[in-house]
Amino acid sequence: MGRTLEDKKAIVAELKETLDASQLAVVINYQGLSVAEITDLRKRLLPTGAVCKVTKNTLMRIAVEGNDTWEPMTKFLSDSSAFLLIKDDVSGALKAYQDFQKATKKTELRGGVMEGRALSEADVKAIADLPSKEQLIAQIAGAINGVATKLAVSIDQVPASLARAIQAVADKDKEAA
């Protein structure tokens, strides 16, 4: 039994809503994946704030039609398409997908779309090589902590230097007397 027109409209509306909240959309060929494998991919993506949508290319084409941000995706819509819609941790989600792909060797990345630009497979892989959100936060925290430590040591040295100078003057006065 096919989907009704209302079902299709609901799917398109949901796709539009998810796309509006996303930073990056990646199109993969999921042909040959079992339901269990797609479920595994979805579980891997969940902690990164990404979702994997499997829908007909026609419905995705309707969802992106007229939307300058996502319309470049139409060039990737062929065969069996699954869509990784990434909201928050772009690098983390792409790394989760790459780990899944290495484990299954069944999917093929076709390309992606970000900020109205179509991205090749190489572009998407370059984005995946960027540090994750957590790694960036840790690097920034480390840098801030390092500055704070240096500042604290410097501030601590001022009274110690002042005390040594006063002691030197006092010692000099004792010798002179």
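Visitor: Let's start with the sheet. How many bridges join strand 2 to strand 3, and do they run parallel or antiparallel?

Guide: Keep in mind that this is a predicted model. Strand 2 (residues 50-54) and strand 3 run antiparallel, with five bridges joining them. For one concrete pair, take Val51, whose bridge partner in strand 3 is Leu85.

Visitor: Which residue of strand 3 is the bridge partner of Ala25?

Guide: Leu85 again: in strand 3, Leu85 is the bridge partner of Ala25, and Leu85 is also the partner of Val51. Ala25 belongs to strand 1, on the side shared with Val27 and Asn29. Strand 1 and strand 3 (residues 81-86) pair in the antiparallel sense over six bridges. Val27 has Phe83 as its bridge partner in strand 3.

Visitor: In what sense do strand 1 and strand 4 pair, and over how many bridges?

Guide: That pairing is antiparallel, over six bridges. Here you can look at Val26, whose bridge partner in strand 4 is Gly112.

Visitor: Why is strand 1 described as largely enclosed?

Guide: Count the buried residues. In strand 1 (residues 24-29), six of the six residues are buried, so the strand is largely enclosed by the rest of the structure. Then check the faces: Leu24, Val26 and Ile28 sit on one side, Ala25, Val27 and Asn29 on the other, and all are buried, which leaves both faces covered.

Visitor: How many of the residues of strand 3 are buried?

Guide: Six of the six, so strand 3 is largely enclosed by the rest of the structure as well. Ser81, Phe83 and Leu85 point one way from strand 3, while Ala82, Leu84 and Ile86 point the other way, and all are buried.

Visitor: On to charges. How many salt bridges does a search of the whole structure find?

Guide: The general idea goes like this: side chains of opposite charge can pair when their charged atoms come close. In this model, searching the whole structure turns up four salt bridges. One of them joins the side chains of Glu37 and Lys106, at 3.0 Å from N to O. That pair links distant parts of the chain, 69 residues apart: Glu37 is in helix 2 (residues 35-45), and Lys106 is in the loop between helix 4 (90-104) and strand 4 (108-114).

Visitor: Is Glu37 buried or exposed?

Guide: Glu37 counts as buried because its relative accessibility is 18%, under the 20% cut-off. Its partner Lys106 is partly exposed, with a relative accessible area of 37%.

Visitor: What is the N to O distance between Asp40 and Arg44?

Guide: It's 3.2 Å, and their side chains meet in a salt bridge. The two are four residues apart in helix 2, so about one helical turn separates them. Asp40 is partly exposed at 28% relative accessible area, and Arg44 counts as partly exposed at 29%.

Visitor: Which helix holds Lys125 and Glu121?

Guide: Both lie in helix 5 (residues 121-128), four residues apart, or about one turn of the helix. Their side chains form a salt bridge at 3.1 Å, N to O. Lys125 is partly exposed, with a relative accessible area of 36%, and Glu121 is partly exposed too, at 34%.

Visitor: Now for empty space. What volume does the largest pocket have?

Guide: Rolling a probe the size of a water molecule over the atoms shows where empty space is left. In this case, the largest pocket has a volume of about 170 Å³. The elements that give two or more residues to its lining are helix 1 (5-20) and strand 2. Helix 1 gives the most, with three residues.

Visitor: How do the lining residues divide into nonpolar, polar and charged?

Guide: There are four nonpolar, one polar and five charged residues in the lining of the largest pocket. Among the lining residues are Arg3, Glu14, Leu15, Lys53, Thr55 and Leu59.

Visitor: Let's pick Leu15. Which residues does Leu15 touch?

Guide: Leaving out residues up to four places away in sequence, Leu15 touches Lys53, Thr55, Leu59, Met60 and Ala63. Leu15 is found in helix 1 and counts as buried, at 2% relative accessibility. Leu15 and Leu59 are 44 residues apart in sequence, and their C-alpha atoms are 8.5 Å apart in space.

Definitions and conventions:
Residues are numbered from 1 along each chain as its sequence is written. This is a predicted model: local features need pLDDT of at least 70, side-chain atom pairs count only at pLDDT 80 or more; totals for chains, interfaces and linings use all residues. Side-chain values use heavy atoms; hydrogens and water are left out. Buried means under 20% relative accessible area, exposed over 50%, partly exposed in between (1.4 Å probe, protein chains only). Two strands pair if DSSP finds at least two bridges between them. On a 1 Å grid over the protein atoms alone, a cavity is a set of points where a 1.4 Å probe fits but cannot get out, and a pocket is an open set with protein on both sides within 12 Å along at least five of seven lines; lining residues have an atom within 4 Å of a point. Grid points are joined across faces, edges and corners, and a volume is the space filled by probe spheres set on the points. Ala, Val, Leu, Ile, Met, Phe, Trp, Tyr, Cys and Pro count as nonpolar, Asp, Glu, Lys and Arg as charged, and the others, Gly among them, as polar. Contact means heavy atoms within 4.5 Å.
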